[in-house]
Amino acid sequence: MSIYNEGFWEWDLISDRLCLSAFCREFTGYSADDTDTVTGTSFLKTLIYPDDQQDFFDAVLYRSDSTSDVSSIRFRLLTRAGEIRRVECSSSVIGYDENGSVTRIVGNLVDPAKIEKTELELQTLNRALLAISSCNHALLRAGNEMELLHDICRIVVEIGGYRMAWVGYAQNDPEKSVQPVARYGYDEGYVDKLAITWEDVDRGRGPTGTAIRTGEPNAVCNFQNAPGLVSRWKKEAAKRGYISILGLPLKTEQTVFGALTIYSGVESAFNDEEVELLSSLADNLSYGITMLRNRNAKNAAEAAMRQSEARYRSLFENHYTVMLIIDPHDGSIIDANPAAMDYYGWSREELCSMNIKQINILPAEDVQAEMGLASQRTCNLFFFRHRLADGTIRDVEVNSGPIVANGKTVLYSIINDVTERRHFKELADQRNERMHYILTATNAALWEAGLTTDTTIWSQEIWDLYGLKPGSCEPSFENWMQTVIPEDREAMRDAAYKAMENKSEFNGLWRVRKPDDTIRWLMAKGTPFINQNGSIESIAGIVIDITDRKKEEEQKHQLETQLLKTQRLETIGTFAGGIAHDFNNILTPILGYAEMGMLKLQADNPLHKFFTEIMLSAERAQHLVSQILTFVKAQKTERSIVSIQSIIDEALKLLRPSIPSTINIMLRIDPSCRNIHADPSKIHQLIVNICTNAYQAMETSGGILGIELNEIIPDSSLISKYLQLQDQPYAKLTISDTGQGMDKMTLNHIFDPFFTTKPVNKGTGLGLSVVHGIITEYQGVIDVESMPGKGCTFHIYLPVSHEKISEVKQAVVAPNRTASILLVDDELATTNFMTRLLGEQGYRIRAFNAPSRALEYFRQSPEAFDLVITDLTMPEMTGVSLVFEIHAIRPEIPVIMMTGYGKDIDNVENLGRQGIRHLLTKPVKLASLVSAINSVFPST
């Protein structure tokens, strides 16, 4: 067992059996019978507070599989009585099986409250020991009595941690008054107002008068509650925060000549052990005062020497402080006091027959060197390790200096045991080291702001987080504010003041600028500590670097925005595609009848002009529908190997006459940029649409239209921005203008269909949405950069192809005007129009609006038809399904498919495998229809 209250436990992982020490059972409220039959895992889940169970098992089991020797965690326990208690647990592995797996874990439980109490007691004792040590220093170097008294009072307050101390000498006047001769600490005139006497009256029954009168220490635990004391003393003491008081007599062997009085701001501050230590200090002070007086007594040198020897012997023989007299020449022990005999465990005769080199564990030559140093000074402080009679090794602090005894210079050494203090300091250092490791690993730091003391403490990790050089400034609120970037300072100052005003938790999120000019995000949380008066004494907390988390959140937000935009476009596309399909069916008879009317009338006939206008309007509507289908990627076209350079040339030939002369065209075309696999008409449309937008943005002001083409491989930053890009070559097409530009809100909508900032006669709002659809169809990416007044730049990335362009020769097919055609379309207007149109061209037509009826008729006379023309999308069955049934009856019959949408056919190449010779897009023109029909028959 250590000095702390702690218990031990052992967990056998093989049998899942948990053994608890008596302290553990008593601490948790369970008996041996309660814990003897339970399994370790289930009992731990009952014992540990639910919110802390995962942390406990993670710490113990995870550490058991790692290379770390010991793991430590604080958590809460539920006692059998339902009480929540906080504990600190350390655990380590002590058993492994033949495969290296952990089989046994042991650990201990410590009550943190009792640790803190023990540590506080140790701190108090350490302060007392340090005060005694420092007083011994002062005694050895003192040359003036008043200076010595002042030093002793100062040491008691500054090192001992007490509120005030003063020394009073007993007077032999009629009033038996006590004359203050030295003081230090928070006095404020208190001592001068006491009028203390050492006579047995009211003014003499306080700690000071009683100590002088009785020659014994006198302690008062609570000055306000002590009976019989002068009320004026209590009132003045309360003003200065004095609660506990200790009076220590200053005496020689014959008389008490004064008192050392110590005041503390803590109730019951002076326990028996502390009184004993401070009594030793008072005895040493008494001896020091006596030595000074004897040294300065010019007229009684011989008598003073005898008195000094007697007092020295009295002091030397005390049972509180270990003292040795050592011959500095060879290290032999000349004398030892009773305290030394008690401490070392040898008798005086045994000690006086020994050499200090037998006690000090340093090598003999090192001990001799240290004695040489001590002999050269009036006082010297050493730290050694001494061996006791039972073999125990203890850490000691030795105050050693030369004195003359019987005409011979010897070393007078005062020894204090500091083993516990050293152990406590090592524990504190270890905890600080572990805390530093944890904070560094988590990119965090600790801080504390004292509001009553106006002091601020920063842990060493905080300097780097704030972008400061360690120690470059004083930790303070204002110096922290200086590290916050200006845009965030007001918010942080308001948050701090609000937390102090409301006595609430402080929460902060701000940015700092590092010396390398990078911006980092920091987050802080602080908890206020409220004193008994309800005021905030301090706020302590943690600050963490969350820059990486902020970047992840921004990236996540960007991806979510892109996803929502894509989903919105897909929804609009689905809706628009359905409208386009129906609209194409409507346009088919309109365009067809207009074309037939033009063919039947002479050009000078007034009706010819009417049919012409109808046809032109229908073609404009057809073009609009085509753009919609391109946007929704529902219009299937054949791809080929395309040279972007040649398409740029063709597009500029078309656009140049329309572009005002005030606009210059700058070209930077890399001829080595490879081809792409696409529909050339769509790439042409893409370039024309973007260039049209660009020159229209500069029509009134003029400017530069820039077109660049080169081949690149995207870097990591571009890939992280657009996840659909791959680590492969892309053709990068950049089209820019120097027009008025766009704001952020406009940029967010430029690819939305029917969104436009142009007048009604300048566009439909489909141009850029079609561009977006084309690029997406070809697994590309489009990036737009623009600011108001700064123009606009489009960056287009399309994957390149390693193939080269090959020439395809078209075969000439002669028409066959005698074919018999089976026509199937669910639109009555379409079948009526096409029946009349094709009939006038010499074809024999049998039309059906229901695919099931057409299939039934075909089964009855499969050899009656030379060709099947069918719509793709019909209510009863699709055109593809109908073709499948027809080919099951007659596999060789050719088929022409018509569609107003086309999304149900995966690609054009699949049509041949379905036995479909041509795919015509509605509305169908006469020339296209006749050409497709004639191409399926052999030449005659």
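**Exercise 1. A salt bridge between two strands**

Is Arg-668 buried, partly exposed or exposed? Then describe its partner in the predicted model shown above.

*Solution.*
Step 1. Start with the accessibility: Arg-668 has a relative accessible area of 55%. The cut-off for exposed is over 50%, so Arg-668 is exposed.
Step 2. Now look for the partner. The side chain of Arg-668 meets that of Glu-708 in a salt bridge, with 3.9 Å from N to O.
Step 3. Place the two residues along the chain. Arg-668 sits in strand S22 (residues 663–669) and Glu-708 in strand S24 (residues 703–712), so this pair, 40 residues apart, links distant parts of the chain.
Step 4. Check the partner's accessibility too: with a relative accessible area of 33%, Glu-708 is partly exposed.
Step 5. Recall the general idea. Side chains of opposite charge can pair when their charged atoms come close.

**Exercise 2. A salt bridge inside a helix**

Find out how Glu-236 and Lys-239 are placed in helix H8, and which other residues join their network.

*Solution.*
Step 1. Glu-236 forms a salt bridge with Lys-239, and their closest N and O atoms are 3.7 Å apart.
Step 2. Count along the helix: the two residues are 3 apart in H8, so about one helical turn separates them.
Step 3. Here is the rule that helps. An α-helix has 3.6 residues a turn, so residues three or four places apart point the same way.
Step 4. Compare the accessibilities. Glu-236 counts as buried at 13%, whereas Lys-239 counts as exposed at 54%.
Step 5. Widen the view to the helix. H8 covers residues 231–239, and its buried residues are Trp-233, Lys-234, Glu-236 and Ala-237. After the helix comes Gly-241, with a positive phi near 75 degrees.
Step 6. Finish with the network: salt bridges link Lys-193, Glu-236, Lys-239 and Arg-240. A search of the whole structure finds 30 salt bridges.

**Exercise 3. The largest cavity**

Which elements line the largest cavity, and which of them gives the most residues?

*Solution.*
Step 1. Begin with the overall count: the structure holds 6 cavities of 30 Å³ or more. The largest contains about 170 Å³ of space.
Step 2. Look at its walls. There are 16 lining residues, and those nearest the centre are Ile-326, Ile-356, Met-371, Phe-384 and Val-398.
Step 3. List the elements that give two or more residues: strand S11 (322–326), helix H14 (364–375), strand S13 (380–387), strand S14 (393–405) and strand S15 (408–417). H14 gives the most, with 4 residues.
Step 4. Sort the lining by class: 11 residues are nonpolar, 4 are polar and 1 is charged.
Step 5. Two of these strands also hold a salt bridge. Arg-394 and Asp-417 meet at 3.0 Å, N to O. Arg-394 is in strand S14 and Asp-417 in strand S15, 23 residues apart.

**Exercise 4. The second largest cavity**

How many nonpolar, polar and charged residues line the second largest cavity?

*Solution.*
Step 1. Its volume is about 90 Å³.
Step 2. Read the lining, which includes Trp-9, Leu-18, Phe-56, Cys-89 and Leu-109. Strand S2 (17–20), helix H3 (40–47) and strand S3 (70–78) each give two or more residues.
Step 3. Now classify: the lining has 11 nonpolar residues, with no polar and no charged ones.

**Exercise 5. A nonpolar patch on the surface**

Which residues form the nonpolar patch, and which helix gives the largest share?

*Solution.*
Step 1. The patch is formed by Phe-583, Ile-586, Ile-590 and Ile-614, which together have about 310 Å² of accessible area.
Step 2. Helix H19 (residues 547–600) gives the largest share, 3 residues.
Step 3. Take one member as a check: Ile-586 lies in H19 and, at 47% relative accessibility, counts as partly exposed.

**Exercise 6. Positive phi without glycine**

Where do Asp-517 and Gln-779 lie?

*Solution.*
Step 1. Keep the background in mind. Most residues other than glycine have a negative phi.
Step 2. Asp-517 has a positive phi of about 75 degrees. Its place is the loop between strand S18 (506–513) and strand S19 (519–530).
Step 3. Gln-779 also has a positive phi, about 55 degrees. Gln-779 lies in the loop between helix H25 (767–777) and strand S26 (781–786) and counts as exposed at 52% relative accessibility.

How values were computed. Residues numbered from 1 in each chain as written. Predicted model: local features only at pLDDT ≥ 70, side-chain atom pairs only at ≥ 80, totals over all residues. Heavy atoms only, no water. 1 Å grid on protein atoms, 1.4 Å probe; cavity = no way out; pocket = protein on both sides within 12 Å on 5 of 7 lines; lining within 4 Å. Points joined across faces, edges and corners; volume = space filled by probe spheres on them. Nonpolar A, V, L, I, M, F, W, Y, C, P; charged D, E, K, R; others polar. Patch = residues over 30% accessible without salt bridge, like charges linked within 9 Å, V, L, I, M, F, W, Y side chains within 5 Å. Areas by Shrake-Rupley, 256 points an atom, 1.4 Å probe, with all protein chains shown as cover. Salt bridge = Lys/Arg side-chain N within 4 Å of Asp/Glu carboxyl O. Buried < 20%, exposed > 50% of the residue type's maximum accessible area, 1.4 Å probe, protein only.
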